[in-house]
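Colleague: Please take a close look at one part for me, the largest nonpolar core. Which residues have the most contacts inside it?

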Amino acid sequence: MKTELIQTGHLTSQLNVVIETDDYKTEFEKELRKQQNKAHLKGFRKGKTPLSAVRKMFGKSILGELINDKMQKAIGDYIVEHELDILGNPLPAPDQQLIDFDPKNLVDYPFKFDLGLAPEITVNGLEGVSYDTYEVGFGDTEIDEELDNLRKRNGTQEEIDAPVEVMDIVSASITSLADDAEWTGDITFMPDRLNSHYRDEIIGRTAGFEMDVDIYEFEKNASEDYVSKYFLKDAPEGIGRQFKVQLKGAKRLVPAEMNEEFFTKLFSEDIKSEADAREFLRTELQKYYASQATAITKRRILESLIDSNYYDFPDTFLKRWLIATNDKLSEDQVDEEYSDFTKNLTWTLIKQKLAKEYEINITPEAIRASLVEKFKAQFAQYGYGQMGDLDFDGIGDRMMQNQESVQKEYEELLSQEVLDQIMERVTLAERKINMEEYQQMIDDFQKNNAES
């Protein structure tokens, strides 16, 4: 086997690999004999098929797979042995010829691969820089809101005999007004979701109230498919748009009563009163706001490091690699999104450089624990209550089988650990902010994330 690396440009090289006949001939013949022992072709007993017939039928696929495996191993071994820090993956060179594997004529197989190499990384922006951290001030209003939300989430829907309010669930009948159609159906809706002129007409009304509507303009932003599925499910075709709506009744959310059962269900067996619950929520909200404020500081550090470090990338290779690995991307899309891609790549290189310098090691156990914690948080998103006897060990095992999720979690944990280490090393200036300032920061943070 022969390998040769040739520099082709700034941060680009070509790796030439030649798989010689002696590298694979013995293994190829061995694989043919294995296939011969397994083959059961018509006219021959199992294991007695002539080797020439096996070579003719299976030789091309066996040879192709064998050569591909050796070629991939040769590339990987060369990169590791010579400590090449590559970007993306090796790409077949444009002048690489297609190979027709001939099992009857064993020859040397040459391959050419283009490589994109990472630039040398130094990290600026860690010395002589100060970043703000935030302490969020909140009071009883936020605790009242949290308790109110928990009561609503755990409330019940009850029939009412009263004027309709905006958040009620209203039941009604609809009757077609088309001259040639006699059709009546039943629907439910919330006034809050209606277009304003219909909503204002229905608020304060009681059962028996009637009004004419354009059913396709009844709810805000409702598509024709939505109307057909939820309002005109059993209606005949050509039923038209105009209908008479008659209110039949309504249900209203009755928030859960704050009693001992409510507190122990949502919090813990140790919390049995409103005072205990409020203290628990105060502690949880402090943690939450502190976590959100820290996330904002970390984001600003990350953005500052990207802005403070410019790396020269092999742009032509990277754009080619992006298109080769995503068949949905066009050249125009790559050009349009390339700036964002290089920003992410810059952070990746900074992160890897600092992770090595800080001796950070993200273990499989840490990834597993983080995935399980995210599952728990999602499971408990409608309250702080108990989760029963769920098999979190089994859940963790299943999550670890999804390699894409595992890799994503690894990168996220690595980023967070690097940023944690940075925060311990840079100068931090603490600022106290009120809820209005905090909410504005969160809105800006979310907007910037959506745009990036």
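Modeller: First, a term: helices and strands here are DSSP runs, numbered from the N terminus, with at least four residues for a helix and at least two for a strand. By that count the chain has 13 helices and 11 strands. Keep in mind that this is a predicted model.

Now the core. The largest nonpolar core holds 37 residues. Those with the most contacts inside it are Val123, Leu126, Leu305, Phe313, Trp347, Leu354 and Ile422. Several elements give two or more residues to this core. One is a strand, strand 3 (86-92). The others are helix 7 (274-308), helix 8 (315-325), helix 9 (331-357), helix 10 (364-379) and helix 12 (403-425). Helix 9 gives the most, with 8 residues.

Zoom in on Leu354. Leaving aside residues up to four places away in sequence, Leu354 touches Val123, Leu126, Val418 and Ile422. A second core is separate and has 26 residues. Val164, Ala172, Phe209 and Val245 are among them.

Next, the setting. Of the chain's 452 residues, 36% count as buried, meaning under 20% relative accessible area. Take contacts between residues at least 6 apart in sequence: 74% of them join residues at least 24 apart. The radius of gyration is 33 Å, whereas a compact globule of 452 residues would be near 22 Å. The C-alpha atoms fill a box of roughly 90 × 70 × 50 Å along the principal axes.

Last, the outside. The chain exposes about 28100 Å², with 45% supplied by carbon and sulfur atoms. Its side chains include 55 positive and 90 negative ones, and the centres of the two sets lie 9 Å apart.

Conventions
Residues are numbered from 1 along each chain as its sequence is written. This is a predicted model: local features need pLDDT of at least 70, side-chain atom pairs count only at pLDDT 80 or more; totals for chains, interfaces and linings use all residues. Side-chain values use heavy atoms; hydrogens and water are left out. The radius of gyration is taken over C-alpha atoms; the globule rule is 2.2 Å times the number of residues to the power 0.38. Buried means under 20% relative accessible area, exposed over 50%, partly exposed in between (1.4 Å probe, protein chains only). Contact means heavy atoms within 4.5 Å. Accessible areas come from the Shrake-Rupley method with a 1.4 Å probe; for residues, only the protein chains shown count as cover. Lys and Arg count as positive and Asp and Glu as negative; His and the chain ends are not counted. The place of a charge is taken as NZ of Lys, CZ of Arg, CG of Asp or CD of Glu. A nonpolar core is a set of buried Ala, Val, Leu, Ile, Met, Phe, Trp, Tyr and Cys residues joined through side-chain atoms within 4.5 Å.
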